[in-house]
Amino acid sequence: MNLVPAGRNVPVMTMTAPRPLAIHIGRDDLPFVDYGGGNMMKVLLIDEAESLWIVENIFKAGFETQTHRHTGPVFGYTVSGAWKYKEYDYVNRAGSFLYEPANSVHTLEILEDNTQVWFQMYGMNLNLREDGSVESVTDGAGTLGAYLHLAEKQGHGRPNVLVL
Ligand SMILES: [Fe+2]
């Protein structure tokens, strides 16, 4: 059945290339890189239009981040080990799911070796000084750049990160 009247000028959808329906990334398709002290990281996906970045980490006990504020929401899923934010009492362990709204402020602290966590983050991390002022910014594009650089330097070539 043709719903378009004959002779009518219909715009064609050529503004953007269609996105693929599904993309699978296997466990070993992207390497973990060491970004200091044996703490490992991979970047799974960057979507600049959504300001979205998805990373996976394998931390060592004792690792800490600088206190930071997220400009967008954060989702975290823990695969193994144990970690917490210094600001809260709860401990994330295997199977823990964590949601934090935009503007949350926290300081990540790793409690056990081989703590593997998957983070889905929107926006930027504003790394804060003790007085609360912003010292530096971490975002998806910068993290991807660091990941690609470290991967090449550590002999993994150029990982095929999903960039939308
Ligand atoms: Fe965070």
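This is a short talk on the strands, the core and a few loop residues of one predicted model.

Hi everyone, and thanks for coming. Please keep the structure open while I talk. Remember that we are looking at a predicted model.

Let's start with the sheets. Four strands make an open sheet, and their order is 9-4-12-13, with antiparallel pairing. Which strands sit at the edges? They are strand 9, residues 105-106, and strand 13, residues 134-138, and each of them pairs on one side only. Now find strand 4, residues 68-70: two bridges join strand 4 to strand 9, and the two run antiparallel. If you want one pair to click on, take R69, whose bridge partner in strand 9 is V105.

If pairing is new to you, here is the general idea: strands of a sheet pair through backbone hydrogen bonds, either parallel or antiparallel.

There is also an open sheet of three strands, in the order 7-6-10, again with antiparallel pairing. Its edge strands are strand 7, residues 92-93, and strand 10, each pairing on one side only. Strand 6, which covers residues 82-85, is joined to strand 7 by two bridges, and these strands run antiparallel. Here, A82 has R93 in strand 7 as its bridge partner.

Next, please look at strand 5, residues 74-80. How many bridges join strand 5 to strand 11? There are six, and strand 11, residues 115-122, runs antiparallel to strand 5. One place to see this is V74, which stands opposite M121 in strand 11. Strand 5 is also joined to strand 8, residues 97-100, by four bridges, and that pair runs antiparallel too. There, G76 has L98 of strand 8 as its bridge partner.

Now for the core. The largest nonpolar core has 15 residues, and the members that touch the most others are V33, W83 and Y147. Which elements give two or more residues to this core? They are strand 2, strand 3 (52-59), strand 10 (108-110), strand 11 and helix 1 (140-153). Let's zoom in on Y147. Setting aside neighbours within four places in sequence, Y147 is in contact with V33, M41, K42 and V43. So V33 turns up twice here, as a contact of Y147 and among the core members with the most touches.

Finally, let's visit three loop residues. N39 lies in the loop between strand 1 (33-34) and strand 2 (40-47). Is N39 buried or exposed? It falls in between: N39 counts as partly exposed because it has 17 C-beta neighbours inside 10 Å. Leaving out residues up to four places away in sequence, N39 touches D34, F59, K60 and F63. Take F63: it is 24 residues from N39 in sequence, yet the two C-alpha atoms are 7.9 Å apart in space.

S51 is in the loop between strand 2 and strand 3. The phi of S51 is near 55°, a positive value in a residue other than glycine. S51 has 16 other C-beta atoms within 10 Å, so it is partly exposed.

Our last stop is N103, in the loop between strand 8 and strand 9. Its phi is positive as well, near 80°, and N103 is not a glycine either. Why does N103 count as exposed? It has 12 C-beta neighbours inside 10 Å, and a residue is exposed if that count is 12 or fewer.

That's my tour, and I'm happy to take questions.

How values were computed. Residues are numbered from 1 along each chain as its sequence is written. This is a predicted model: local features need pLDDT of at least 70, side-chain atom pairs count only at pLDDT 80 or more; totals for chains, interfaces and linings use all residues. A residue is buried if 20 or more other C-beta atoms lie within 10 Å of its own, exposed if 12 or fewer, and partly exposed in between; C-beta atoms are placed from the backbone. Two residues are in contact if their C-beta atoms, placed from the backbone, lie within 7 Å. Two strands pair if DSSP finds at least two bridges between them. A nonpolar core is a set of buried Ala, Val, Leu, Ile, Met, Phe, Trp, Tyr and Cys residues joined through C-beta atoms within 7 Å.
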